[in-house]
Amino acid sequence: MVKKLRQGTLCVQAGYKAKNGEPIELPIIQSTTFKYDDSEEMAKLFDLEKEGYFYTRLQNPTNDAVAAKICTLEGGVGAMLTSSGQAANFYAMFNICQAGDHFITSNEIYGGTYNLFGVTMKKLGIECTFVSPEASDEEIQAAFRPNTKAVFGETISNPGCAVFDIERFAKIAHKNGVPLIVDNTFATPVNCRPFEWGADIVTHSTTKYMDGMATQVGGCVVDSGNFDWLAHAEKFPGLCTPDESYHGLTYVKAFGKMGYMTKLVAQLMRDLGSIPAPQNSFLLNMGLQTLHLRMAQHCKNAQKVAEFLNANDKVAWVHYCGLPTDKYYALGQKYLPNGSCGVIAFGLKGTRETAIKWMDSLEMINIVTHVADARTCVLHPASHTHRQLSDEQLREAGVAPDLIRLSVGIEDVEDILDDIKQALEKI
Ligand SMILES: *Cc1c(COP(=O)(O)O)cnc(C)c1O
């Protein structure tokens, strides 16, 4: 009997196992609802007394199989797919925070999450404090308030490529009786499993490497089941006191380690409804089947490209934790010993216009907003996603005006290098 399957095998096989005579590929159950012969049986589903499908907003077999695969890859107890990575981060946080609460987040995070946390959640009455991933333990501790409910960071930050010290942040979060939530999008569970370092909840934008082919927008929340909510019951009334909208059921008492996940599905997904289409989950699963192969190739290619850029006279700086000169090299070796990801942040000597000239001279490499898929692509935040900001405002938002985000794909690395080189000759 096989004991514990390895990550590559899980990428291919976890989540769905065909029974005798069933399709070998995950079926797309593109149905909103599920039929029952007996009304009593359906009533039990509504009361969460029985498990089963009744409406796709809550659960769908295709979505569940893909969530189960990601859950297994991360080593969690439960997972839920969402229609985007944005929804995943919102749900993960909103499941434990309500108006009047506060949380702490690394300031080196994806721009969309920065806006969600700093602007939109503030309008819901939930405040956050941004701290540098390099802040000292004392500085992080000073950010805690009596109403702080969580700490958040990205394993590898988008677009800055900072490596988050998961173990250190987890210790500080736990000392203060709150969970650590880690967005593991760029590393993927092939290269890092944040639960092994003390993270309690993991989120993903599955739009990126997990899909890998740029076919669907999606997200995922995974729970480790490790955080003891009842030990801090006064902080988490949503999990530890009766939910009136579910006949007075108390999630962590009724469902134990699955309490956080049950609330996420039965309450937040029921009420806010950001589910992926089963068709999209099928596409995501196609991507996951080759995740381990692609990540290895992304890392191999990106390492060569980072080394080339680092040695080039026209390049001002390079951030990639696989470079021994990178300030995150040591943390990269600790958390990402087999490679980090394909994304490199770098700056060219010169002005914003130099970056634009270089990008416009590329022939094979694509200019797109997207990142982290099979095709090598490039983005200059100062002239694209953040174009309304002055250089000064950009720096305040943590984006260097000259920062170019190069997402190295899985093509032949010589072709990627040739294109980069010929464009460098034009500036
Ligand atoms: C893209 C991204 C998100 C947002 O995901 P969407 O699927 O675009 O909604 C969140 N976190 C990180 C690290 C990302 O790269």
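Student: In this predicted model, which residue of β3 stands opposite H102, and what makes β2 and β3 paired strands?

Tutor: H102 stands opposite E127 in β3. Two strands count as paired if at least two bridges are found between them, and β2 (residues 102-106) and β3 are joined over 5 bridges in the parallel sense, so by that criterion they are a pair.

Student: Why are β1 and β3 called edge strands of their sheet?

Tutor: The open sheet has 7 strands in the order β1-β7-β6-β5-β4-β2-β3, with mixed pairing. Because β1 (78-82) and β3 (127-131) each have a single partner strand, one side of each is left without a neighbour in the sheet. From one strand to the next, the twist averages 20°.

Student: What makes α3 and α7 helices that lie across this sheet, and which strands does each of them cover?

Tutor: The criterion is contact, meaning heavy atoms within 4.5 Å. Helix α3 (residues 61-74) lies across β1, β6 (201-205) and β7 (219-223), running at about 125° to β1, whereas helix α7 (residues 166-175) lies across β3, β4 (148-154) and β5 (180-183), at about 150° to β5.

Student: How do you know that D38 caps helix α2?

Tutor: A side-chain oxygen of D38 lies 2.8 Å from the backbone nitrogen of E40, at the N-terminal end of α2 (residues 39-46). A polar contact requires N or O atoms within 3.5 Å, and the 2.8 Å pair of D38 and E40 satisfies that limit. Beyond the helix, α2 is followed by L48, whose phi is positive, near 60°.

Student: What makes the stretch between β4 and α7 notable in its backbone geometry, at P159 and at C161?

Tutor: Most residues other than glycine have a negative phi, and most peptide bonds are trans. Against that background, the bond joining N158 and P159 is a cis peptide bond, with omega about 5°, and C161, although not a glycine, has a positive phi of about 65°. P159 is placed in the loop between β4 and α7, and C161 is found in that loop as well.

Student: How do you know that D183, S205 and Q86 make polar contacts with the ligand?

Tutor: Each distance is to be set against the limit of 3.5 Å between N or O atoms. For D183, an N or O atom of the side chain is 2.7 Å from a nitrogen atom of the ligand; for S205, a polar side-chain atom lies 2.8 Å from a ligand oxygen; and for Q86, a polar backbone atom is 2.9 Å from an oxygen atom of the ligand. The three pairs therefore fall within the limit. Taken alone, the ligand exposes 380 Å², of which the protein buries 93%.

Student: What makes up the shell around the ligand, by class and by helix?

Tutor: The ligand is surrounded by 16 residues, the closest being N158, D183, S205, T207 and K208. By class, the shell has 3 nonpolar, 10 polar and 3 charged residues. Helix α4 (residues 85-94) gives the most to the shell, with 3 residues.

Student: What makes β11 and β12 a pair in the sheet of 5 strands?

Tutor: That open sheet has the order β8-β9-β12-β11-β10, with mixed pairing, and its edge strands are β8 (315-319) and β10 (366-367), each pairing on one side only. Strands β11 (residues 377-379) and β12 (residues 403-407) run antiparallel and are joined by 3 bridges, which meets the requirement of at least two. The bridge partner of L379 in β12 is R405.

Technical notes. Residues numbered from 1 in each chain as written. Predicted model: local features only at pLDDT ≥ 70, side-chain atom pairs only at ≥ 80, totals over all residues. Heavy atoms only, no water. Helix = DSSP H or I, 4+ residues; strand = E, 2+ residues; numbered from the N terminus. Axes fitted to C-alpha atoms, helices over the stretch in contact; angles between N-to-C directions. Polar contact = N/O pair within 3.5 Å; in protein donor to acceptor, adjacent residues only side chain to side chain. Near = heavy atom within 4 Å. Areas by Shrake-Rupley, 256 points an atom, 1.4 Å probe, with all protein chains shown as cover. Nonpolar A, V, L, I, M, F, W, Y, C, P; charged D, E, K, R; others polar.
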